[in-house]
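Here is a friendly walk through one protein model, starting with a small detail and ending with the whole fold. Have the viewer open as you read.

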Amino acid sequence: MADDDKKFTADNGSFWKAKKRASGILKDPERLKKLLTNSAQKIREVGNDNESLQRLKDQVNTLNRMIRAYAKGEYRNIPWKNALMITAGIVYFVTPLDLIPDFIPLTGFLDDLTVLMWVFNSVRGSIEEFEDWENSQAEQVK
């Protein structure tokens, strides 16, 4: 990720507000379920215009699955701070009024996507461990 993206995210007060909200959401199964449902719906609305957007959609879906498995107690091998960062990224993504409001065509999603890419890259190790675990679960079912 470019240094400008890191600075953008670090200076983004809306993201830090989302992080504060995420702490409470992670402790409330009903609010978390609603957040993940909203995230899944919003990511479905993002077009499939190019490979980069499809990759981002896949990443968001992975984050959603990871937090859902964490909340259900199925997968707990994730540090709290990483679960918090992921949840904050999802909160930021579904919140329509953030640094650049989502109703502004194209650029409204730009900050959301930048934050999600930053979160994904920040917790990449935890995500890779989750994907390995997820694959092992699928193998056990076969």
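## A residue after helix 4

What is the sign of phi at Gly73, the residue that follows helix 4? The phi of Gly73 is positive, near 80°. Keep in mind that this is a predicted model, so the angle describes the prediction.

## Overall layout

The protein has seven helices and zero strands. Read from the N terminus on, its elements run α-α-α-α-α-α-α. Of the 142 residues in the protein, 40% are buried.

The contacts tell us about the fold too: among those between residues at least 6 apart in sequence, 68% join residues at least 24 apart. As for the surface, the protein exposes about 8,200 Å², and carbon and sulfur atoms supply 53% of that area.

## The nonpolar core

In soluble globular proteins, nonpolar side chains tend to be buried together. Here, the largest nonpolar core has 38 residues, and Phe15, Ile67 and Ile86 have the most contacts inside it. Two or more residues come from each of helix 2 (13-26), helix 3, helix 4 (51-72), helix 5 (80-94), helix 6 (107-122) and helix 7 (124-141). Helix 5 gives the most to this core, with nine residues.

Ile67 is a good residue to click on. Apart from its neighbours within four places in sequence, Ile67 is in contact with Leu26, Leu32, Leu36, Ala83, Ile86, Thr87 and Ile90.

## Helices 4 and 5

Does the length of helix 4 fall where it should, and what span do its 22 residues lead us to expect? At 1.5 Å a residue they should span 32 Å, and the end C-alpha atoms are 32 Å apart, so the two values agree. The buried residues of helix 4 include Leu53, Leu56, Val60, Leu63 and Ile67, and also Lys57, Gln59 and Asn64.

Helix 5 has 15 residues and reaches 21 Å from its first C-alpha to its last, close to the 21 Å expected. Helix 5 is mostly covered, with twelve of its 15 residues buried. Among them are Asn82, Ala83, Ile86, Gly89, Ile90 and Phe93.

## Helix 2 against helix 5

Two packed helices are described by the angle between their axes and the distance between the axes. For helix 2 and helix 5, the angle is about 115° and the axes are 7 Å apart. Helix 2 passes helix 5 in a right-handed crossing. On the helix 2 side, the contact is made by residues including Phe15, Ala18, Ala22 and Leu26. On the helix 5 side, those making the contact include Trp80, Ala83, Leu84, Ala88 and Tyr92.

## Two residues of helix 3

Is Ser39, which is found in helix 3 (residues 29-45), buried or exposed? Ser39 counts as buried because its relative accessibility is 0%, and the cut-off for buried is under 20%. Leaving aside its neighbours within four places in sequence, Ser39 is in contact with Val60, Asn64, Ile90, Phe93 and Val94. Of these partners, Val60 and Asn64 are listed among the buried residues of helix 4, while Ile90 and Phe93 are buried in helix 5.

Pro29 is also found in helix 3. With a relative accessible area of 63%, Pro29 is exposed, because exposed means over 50%. Pro29 and Arg68 are 39 residues apart in sequence, and their C-alpha atoms are 9.5 Å apart in space.

Technical notes
Residues are numbered from 1 along each chain as its sequence is written. This is a predicted model: local features need pLDDT of at least 70, side-chain atom pairs count only at pLDDT 80 or more; totals for chains, interfaces and linings use all residues. Side-chain values use heavy atoms; hydrogens and water are left out. Buried means under 20% relative accessible area, exposed over 50%, partly exposed in between (1.4 Å probe, protein chains only). Contact means heavy atoms within 4.5 Å. A nonpolar core is a set of buried Ala, Val, Leu, Ile, Met, Phe, Trp, Tyr and Cys residues joined through side-chain atoms within 4.5 Å. Helices (H or I, at least four residues) and strands (E, at least two) are DSSP runs, numbered from the N terminus. The expected span of a helix is 1.5 Å times one less than its number of residues. Accessible areas come from the Shrake-Rupley method with a 1.4 Å probe; for residues, only the protein chains shown count as cover. Axes are lines fitted to C-alpha atoms, for helices over the stretch in contact, and angles run from 0 to 180 degrees between N-to-C directions. A crossing is left-handed if the near helix is turned anticlockwise from the far one by less than a right angle, and right-handed if clockwise.
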